[in-house]
Amino acid sequence: MDFTISTQEAYLSNYRASVEQPEQFWEEIAHHYSWMKPWENVLDFDMKDARFTWFQHGKLNITVNAIDRHLEARGKKTALLFEPNDPNEEAQHITYNELSERVNKLSNVLKGIGIQKGDRVCIYLPMIPELAVSVLACARIGAIHSVVFAGFSSSAVAARIQDSACKIVITSDGGYRGNKSIELKKIVDEALVNCPSVQNTLIFKRTGDPIEMKDGFDLDASTLLKEAKDICTPEIMDSEDPLFILYTSGSTGKPKGMVHTTGGYMVYTGYTFKNVFQYQEEDIFWCTADIGWITGHSYLLYGALLNGATTVMFEGIPSYPDFGRFWKVIDKHKITHLYTAPTAIRSLAKESIDWVNSHDLSSLKILGSVGEPINEEAWHWYDTHIGKGKCPIVDTWWQTETGGILISPIPNVTVTKPTYATLPLPGVQPVLMNEQSQPIEGNGVTGNLCLQFPWPSIARTIWEDHQRYKDTYFSTYPGYYFTGDGALRDETGYYRITGRVDDIVIVSGHNLGTAPIEDAINEHPAVAESALVGFPHDIKGNALYGFIILKDNAIQENEDQLRKEINQHISEHIGPIAKLDKMQFVSGLPKTRSGKIMRRILRKIAEGDFSNFGDISTLLNPDVVEDIVSGKCS
Ligand code: PRX
């Protein structure tokens, strides 16, 4: 595939073409892929009703493009490079030939147990090759994968399984994360108590810890794989057949099952992988995100494999067995691209620089950042100490909903600027909105970030809730997709993302809705009501601050114990990533006369800014503000 943009002129002319003649532009790119039947119409859309059809009636299978198509020229090339949690366990180099065999076999196993096109398959696995193979096997047979990050609790897994009525759960006995091991099968067992749609589980082995297997229900993957044939004809998929569901936090309690379809997602992730990373044949690409998040889906897996790349899967964490692990892995595998999150950069930057300097990082060519705004200090540390001033940093802005990167520098083409995601990629038309809901013209302005034209990998809907999709993204500014982010456009037209403008807080790069966490807190028997806000945190970017009203009869003598219990409660309901950093027990919450919590006041208090709360005259209970300020957590 060669649609690489390698000069500034090429970027400008491609961008112009993508805006002036979007259909011709994307059609030309789509021709680089293998289709079983060509599309009849490139694009049909309605921004008001949130309906998008790309490459209508085209037939394809994404695994043919991600695997089969490479076998002749790259069969012996490493597709997946697996680096285990334990540095003493040998890395695995899985070639395209081997990947093909494993995906085909697992596809046959899934078919053998009755999984068909359109069925939903929940995948709850650690970062082991079987996770990638499971995702691809679903895609091969047309089953819709729903990967749930293996750090989520049993209730969070259950909620996701129930929402899309998954027929099967693929999991493992357990998984490793640093010096911990997690009993995944046990978590799934707990989840399945409330999931009647699930007919079977398929279990891989990772830790070898003893697990309980229910006869006829829990199926051992290795036994079934031994007997499976290694050829499985790829299912013929329509461009608009769903490829996967991936859940993201919402501002109400229920997670949103974002639905991505096949053709447009393939065209866009392959195209952006190639350009944003300027990928070349011998490169070794390392995206540190878990496949449980969109970054893992689109760039660790699909985008990379669509380009025939070698992609690294790392099972561990940056601090295990020591803070040199990332740098050791880069040195060991001669990695050329590191794509990671600002949180990881900040947490490693605070450790001794000797961890970095004792490894040879000269293989690196391009560095990437994703998931949250990167602060200036972290940007410079990344540039100086990891890139040694010679690797362009691509600060890539996008979302689960967008499927692929929308705003990012193109390395060695776009001049980078610290903390700026810079310019829109071809096909992407950003707009900033002012408080009157009007697009803001010109440069040197800030506003709410919207997109005014569809790109091929835009999410098509929320699983079985199109109304919520419309309400969440297309109703604030009719005719536009609203991202939920604020942004600044500088004098030269470069974009800088300033952060969320809604009730979602990005903690360590994880997108957390405050509402579901509040729901979990409120379920604690001692709690009457709670409100959460984010506040700036040196390492995590943001952390959570909870203002909690206890019930009258709650014993407050042992507050520390209560704090522990509440965090434990959150861990069980959502996962440890959603735990609060600060908790303040308060007598009331600032509410408007209509009963809405005035969160901007709580945000200011959490940030330690008591200077100006603005107009609080509309509050039902203005006295409560002073009370909260006087009891603020340090
Ligand atoms: O607020 C933006 C932030 O992450 C949000 C999307 O989160 P999620 O769907 O989990 O996807 C993360 C990985 C693509 C966005 O609305 N975000 C993502 N990338 C950046 C960012 N904020 C600033 N700069 C970025 N590069």
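Colleague: In what order do the four strands of the antiparallel open sheet stand?
Modeller: The model is a predicted one. Strands of a sheet pair through backbone hydrogen bonds, either parallel or antiparallel. In this open sheet of four strands the pairing is antiparallel, and the order is β21-β22-β24-β25.

Colleague: Which strands of that sheet stand at the edges, each with a single partner strand?
Modeller: The order of the sheet is β21-β22-β24-β25. A strand at the edge has a single partner, so one side of it is left without a neighbour in the sheet. The two strands in that position are β21 (430-433) and β25.

Colleague: By how many degrees are neighbouring strands of this sheet turned against each other on average?
Modeller: The strands concerned are those of the open sheet β21-β22-β24-β25. With direction ignored, the average turn between neighbours is 45 degrees.

Colleague: Which residue in β24 stands opposite Val445?
Modeller: Strand β22 covers residues 445-451 and strand β24 covers residues 481-489. The two pair in the antiparallel sense over six bridges. Opposite Val445, in β24, is Arg489.

Colleague: Which residues come nearest to the ligand?
Modeller: The shell around the ligand holds 18 residues. By class, seven are nonpolar, six polar and five charged. Those that come nearest are Asp395, Thr396, Thr400, Asp485 and Arg500.

Colleague: How far is an oxygen atom of the ligand from an N or O atom in the side chain of Arg500?
Modeller: The ligand has several polar contacts to set beside this one. One of its nitrogen atoms is 3.1 Å from a polar backbone atom of Gly371, and an oxygen atom is 2.9 Å from an N or O atom in the side chain of Gln399. For the side chain of Arg500, the distance from a ligand oxygen atom to an N or O atom is 2.8 Å.

Colleague: What share of the area that the ligand exposes when taken alone does the protein bury?
Modeller: Taken alone, the ligand exposes 540 Å². The elements giving two or more residues to its shell are α11 (294-306), β20 (393-396) and β25 (495-500). The share of the ligand's area buried by the protein is 96%.

Colleague: Which residues of β20 are buried on the two sides of the strand?
Modeller: In a regular strand the side chains alternate between the two faces of the sheet. Both faces of β20 are covered. One side carries Ile393 and Asp395, and the other side carries Val394 and Thr396.

Colleague: Which residue in β20 is the bridge partner of Leu367?
Modeller: Strand β19 (residues 366-370) pairs with β20 in the parallel sense, over four bridges. Within this pairing, the partner of Leu367 is Ile393.

Colleague: Which strands are at the edges of the open sheet of eight strands?
Modeller: This sheet has mixed pairing and runs in the order β12-β11-β8-β6-β7-β14-β15-β23. An edge strand here pairs on one side only. The edge strands are β12 (218-220) and β23 (461-462).

Colleague: Which residue in β11 stands opposite Thr171?
Modeller: Strand β8 (residues 168-172) and strand β11 (residues 200-204) run parallel and are joined by five bridges. Facing Thr171 in β11 is Ile203.

Colleague: Which two residues does a cis peptide bond join?
Modeller: Most residues other than glycine have a negative phi, and most peptide bonds are trans. Here there is a peptide bond with omega of about 0 degrees. Pro321, one of its residues, lies in the loop between β17 (310-314) and α12 (325-333). The cis bond joins Tyr320 and Pro321.

Colleague: Is Ala50 buried or exposed?
Modeller: Ala50 sits in the loop between β1 (41-46) and β2 (51-56). Its phi is near 60 degrees, a positive value in a residue other than glycine. The relative accessible area of Ala50 is 0%, and the cut-off is under 20%, so Ala50 is buried.

Colleague: What is the relative accessibility of His57?
Modeller: His57 is found in the loop between β2 and β3 (59-60). Phi of His57 is near 65 degrees, also a positive value in a residue other than glycine. His57 counts as partly exposed, with a relative accessibility of 35%.

Colleague: How far apart in space are His466 and Asp49, C-alpha to C-alpha?
Modeller: His466 belongs to helix α16 (residues 466-474) and is buried, at a relative accessible area of 16%. In sequence, His466 and Asp49 are 417 residues apart. In space, their C-alpha separation is 9.2 Å.

Methods: Residues are numbered from 1 along each chain as its sequence is written. This is a predicted model: local features need pLDDT of at least 70, side-chain atom pairs count only at pLDDT 80 or more; totals for chains, interfaces and linings use all residues. Side-chain values use heavy atoms; hydrogens and water are left out. A residue is near a molecule or strand if one of its heavy atoms lies within 4 Å of it. A polar contact is a pair of N or O atoms within 3.5 Å; within protein, one must be able to donate a hydrogen and the other to accept it, and residues adjacent in sequence count only if both atoms are side-chain atoms. Accessible areas come from the Shrake-Rupley method with a 1.4 Å probe; for residues, only the protein chains shown count as cover. Ala, Val, Leu, Ile, Met, Phe, Trp, Tyr, Cys and Pro count as nonpolar, Asp, Glu, Lys and Arg as charged, and the others, Gly among them, as polar. Two strands pair if DSSP finds at least two bridges between them. Axes are lines fitted to C-alpha atoms, for helices over the stretch in contact, and angles run from 0 to 180 degrees between N-to-C directions. Buried means under 20% relative accessible area, exposed over 50%, partly exposed in between (1.4 Å probe, protein chains only).
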